[in-house]
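Hello,

Here is the structure for you to look over. My notes on the ligand, the pocket and the salt bridges follow it.

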Amino acid sequence: MEISQRLKTVAGFVKYKTIADIGTDHGYIPCYLALNEKITRAIACDINDGPLGKARENVKANGLDEIIETRLGPGLLPLHKSEAETVIIAGMGGILICDILFEGMDILGGVKQLIVQPQRDVYRVRKFLHKIGFMIEDEEMVYEAGKFYNIISAVRGSERYSDEISYIFGKRLMEKKSAVLYMYLNAEIEKYSSILNSTSVRPENSAGLEKIRVNMALSQEVLKRYEAD
Ligand SMILES: C[S@@+](CC[C@H](N)C(=O)[O-])C[C@H]1O[C@@H](n2cnc3c(N)ncnc32)[C@H](O)[C@@H]1O
């Protein structure tokens with residue numbers, strides 16, 4: 001089974017044999033993991049019956065009914081405590097991911113690893129993981145079909161970053177000098193420069209422009225760290 005680089009990176013972070021994939025849609029992640037013998041059991045959950053139907057078809061087509069169970073329902077609520085060691089929530093907004101984690105706090109008690117791939121608001125997700133007692137052990141950034149994706153693996157533990165820049169761009173990505181983060185920073189700086197140099201920029205937009213200047217300075221600060229050694 002061929003899956004996207006984004007989903008492969010999510011799957012690559014899985015450390016445990018029992019997983020739950022929340023918002024599974026097509027069910028590609030559990031199917032890929034089961035076909036590659038990385039897991040012994042998966043619960044594929046989705047709030048909508050249409051996507052879950054696609055997951056059911058894929059599970060059946062690949063002969064994986066013994067390993068993957070599909071369940072309908074919101075967030076973590078279709079799960080019982082301690083059913084899944086790793087929980088995956090990919091391809092959703094960061095605020096929705098935080099809401100799902102917050103609403104499923106009881107079930108989360110039995111979870112050892114969280115793999116999240118927020119489509120936006122990554123800063124909020126990093127902050128929230130720390131708040132609920134998870135430490136970020138690894139991160140990857142993937143560039144695919146013209147888009148950047150953040151994939152975060154978190155395990156139980158107490159951690160706080162001492163600076164905001166680590167929450168904004170990802171401490172682990174900066175530490176490993178991620179080539180994709182480097183690309184992202186350059187793309188952001190180019191985008192901000194073209195806005196600031198645009199002839200349509202007007203003084204009445206000064207608050208918005210100040211925000212762009214701050215964001216640009218932050219991106220440049222991280223780039224400087226890449227070039228420092
Ligand atoms: C964009 S798809 C992402 C699918 C897959 N996880 C991926 O990364 O490719 C989002 C899926 O999440 C489901 N979804 C949205 N809100 C949800 C919630 N609160 N609980 C469970 N599933 C949800 C949608 O029905 C949809 O199938």
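A residue counts as near the ligand if one of its heavy atoms lies within 4 Å of it. By class, Ala, Val, Leu, Ile, Met, Phe, Trp, Tyr, Cys and Pro are nonpolar, Asp, Glu, Lys and Arg are charged, and the others, Gly among them, are polar. On those terms the shell around the ligand has 8 nonpolar, 6 polar and 3 charged residues.

Some ground rules. This is a predicted model, with pLDDT of at least 70 needed for local features and 80 or more for side-chain atom pairs, while totals for chains, interfaces and linings use all residues. Numbering runs from 1 along each chain as its sequence is written, and side-chain values use heavy atoms, without hydrogens or water.

Ligand. Of the 17 residues around it, Arg6, Gly23, Asp46, Asn48 and Gly75 come nearest. Polar contacts are pairs of N or O atoms within 3.5 Å. The Arg6 side chain puts an N or O atom 2.8 Å from a ligand oxygen. A polar backbone atom of Gly75 is 2.8 Å from a ligand nitrogen. For Ala90, a backbone N or O atom lies 2.9 Å from a ligand nitrogen. The protein covers 81% of the 600 Å² of accessible area that the ligand has on its own (Shrake-Rupley, 1.4 Å probe). Strand E4 (86-92) gives the largest share of the shell, 3 residues. Strands are DSSP runs of E, at least two residues; helices are runs of H or I, at least four.

Pocket. A pocket is an open set of points on a 1 Å grid over the protein atoms alone, where a 1.4 Å probe fits, with protein on both sides within 12 Å along at least five of seven lines; lining residues have an atom within 4 Å of a point. The largest has a volume of about 480 Å³, the space filled by probe spheres set on the points. Its lining of 21 residues has Val122, Asn150, Ile168, Tyr184 and Glu188 nearest the centre. By class, that lining has 12 nonpolar, 4 polar and 5 charged residues.

Salt bridges. There are 19 (Lys or Arg side-chain nitrogen within 4 Å of an Asp or Glu carboxyl oxygen). One joins Lys15 and Glu137 at 3.2 Å, N to O. Lys15 is in the loop between H1 and strand E1 (18-22) and Glu137 is in strand E6, so the pair ties together parts 122 residues apart in sequence.

Best wishes

Key:
Polar contact = N/O pair within 3.5 Å; in protein donor to acceptor, adjacent residues only side chain to side chain.
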